[in-house]
Every structure is written in C-alpha cells, then in structure tokens.
Amino acid sequence: MDLVDDPRQAAALKLIIARQNIARPFAAPPGVPKERIAALRLAFDATMRDPEFLAEAKRLDLEVRPVAGAQVQALLAELYASPPEVVRMATEMIRETP
C-alpha cells in the first residue's frame with residue numbers, strides 16, 4: 001500500500017486486503033438493539049482474553065488475533081461505501097493476479 005501513489009488504486013488494494021484484517025468476523029442482523037450488541041462485544045472481548053480459551057487455542061495450534069467489533073463495523077462501512085469504480089478496479093486486480 002505504501003508503494004501506491006494513486007488514491008483509487010490504494011482504495012482498491014484496501015478493498016482486496018481488508019479481509020485479512022477481519023478474518024472470520026461475527027455478525028448480527030440489522031435491528032439488533034444497541035444494548036445487545038454491546039453485551040455481545042463485551043462477551044467476545046472477554047473470551048478473547050480468557051486464559052483457558054487461549055490455552056486451548058494454543059494447544060490446537062490456532063492463531064487468535066481478535067479485532068474489536070467497532071473496528072470491524074467501521075471497516076465494513078468504509079468498504080461498502082467504496083465507489084463502483086474502485087470495486088471494478090479491485091476486481092480487475094484480482095483477475096490479473098496469476
């Protein structure tokens with residue numbers, strides 16, 4: 001990303017590599033009350049810090065690199081707001097990759 005000067009190309013690259021930042025996100029449907037979203041996020045964050053959970057993940061050789069729900073939500077909002085031209089450019093970049 002640091003080697004790209006064109007802001008549209010940078011946005012297209014961000015669209016392509018964003019999935020690496022959020023890996024396997026958990027999602028809730030639209031209309032879930034804010035209090036419930038907050039409770040789910042607190043529970044998720046607590047689980048990601050739980051010593052037993054982390055020990056089990058290590059035993060299974062699983063990588064745990066959680067991303068906060070608010071960060072995932074902000075990134076998805078940004079990605080979904082990508083202009084069609086940027087989406088087309090990202091699609092072409094992916095197709096050109098050997």
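Here is a friendly chat about one loop serine and the salt bridges of a predicted model.

Biologist: Let's start with Ser-82: in which loop does it lie?

Modeller: Look at the helices on either side of it. Helix α4 covers residues 69-80 and helix α5 covers residues 84-96. Ser-82 therefore falls in the loop between α4 and α5.

Biologist: Is Ser-82 buried or exposed?

Modeller: Its relative accessibility is 17%. Buried means under 20% relative accessible area, so Ser-82 counts as buried.

Biologist: Which residue has its backbone oxygen 2.7 Å from a polar atom of the Ser-82 side chain?

Modeller: A polar contact needs N or O atoms within 3.5 Å. At 2.7 Å, the partner of the Ser-82 side chain is the backbone oxygen of Leu-79.

Biologist: Which residues does Ser-82 touch, not counting those up to four places away in sequence?

Modeller: Leaving out residues up to four places away sets Leu-79 aside here, since a touch has to come from beyond that range. The residues that Ser-82 touches are then Leu-15 and Val-87.

Biologist: Now to the charged side chains: how many salt bridges are there?

Modeller: The rule asks for a side-chain nitrogen of Lys or Arg within 4 Å of a carboxyl oxygen of Asp or Glu. By this rule, the count is five.

Biologist: Which residue forms a salt bridge with Arg-8 at 2.4 Å, and which helix holds that partner?

Modeller: Arg-8 lies in helix α1, residues 7-22. The pair ties together parts that are 77 residues apart in sequence. Arg-8 is partly exposed at 36%, and its partner is partly exposed too, at 37%. That partner is Glu-85, in helix α5.

Biologist: Lys-14 also forms a salt bridge; how far apart in sequence are Lys-14 and Glu-78?

Modeller: The closest N and O atoms of Lys-14 and Glu-78 are 2.8 Å apart. Lys-14 sits in helix α1 and Glu-78 in helix α4, so the pair links distant parts of the chain. Their separation is 64 residues.

Biologist: Are Glu-63 and Arg-65 buried or exposed?

Modeller: Their side chains meet in a salt bridge at 3.0 Å, N to O. Glu-63 has a relative accessible area of 65%, and Arg-65 has 61%. Exposed means over 50%, so Glu-63 and Arg-65 are both exposed.

Biologist: Which residues do salt bridges with shared partners join into one network?

Modeller: We have already met the salt bridge between Arg-8 and Glu-85. Through shared partners, the network is made of Asp-6, Arg-8 and Glu-85.

Terms used:
Residues are numbered from 1 along each chain as its sequence is written. This is a predicted model: local features need pLDDT of at least 70, side-chain atom pairs count only at pLDDT 80 or more; totals for chains, interfaces and linings use all residues. Side-chain values use heavy atoms; hydrogens and water are left out. Helices (H or I, at least four residues) and strands (E, at least two) are DSSP runs, numbered from the N terminus. Buried means under 20% relative accessible area, exposed over 50%, partly exposed in between (1.4 Å probe, protein chains only). A polar contact is a pair of N or O atoms within 3.5 Å; within protein, one must be able to donate a hydrogen and the other to accept it, and residues adjacent in sequence count only if both atoms are side-chain atoms. Contact means heavy atoms within 4.5 Å.
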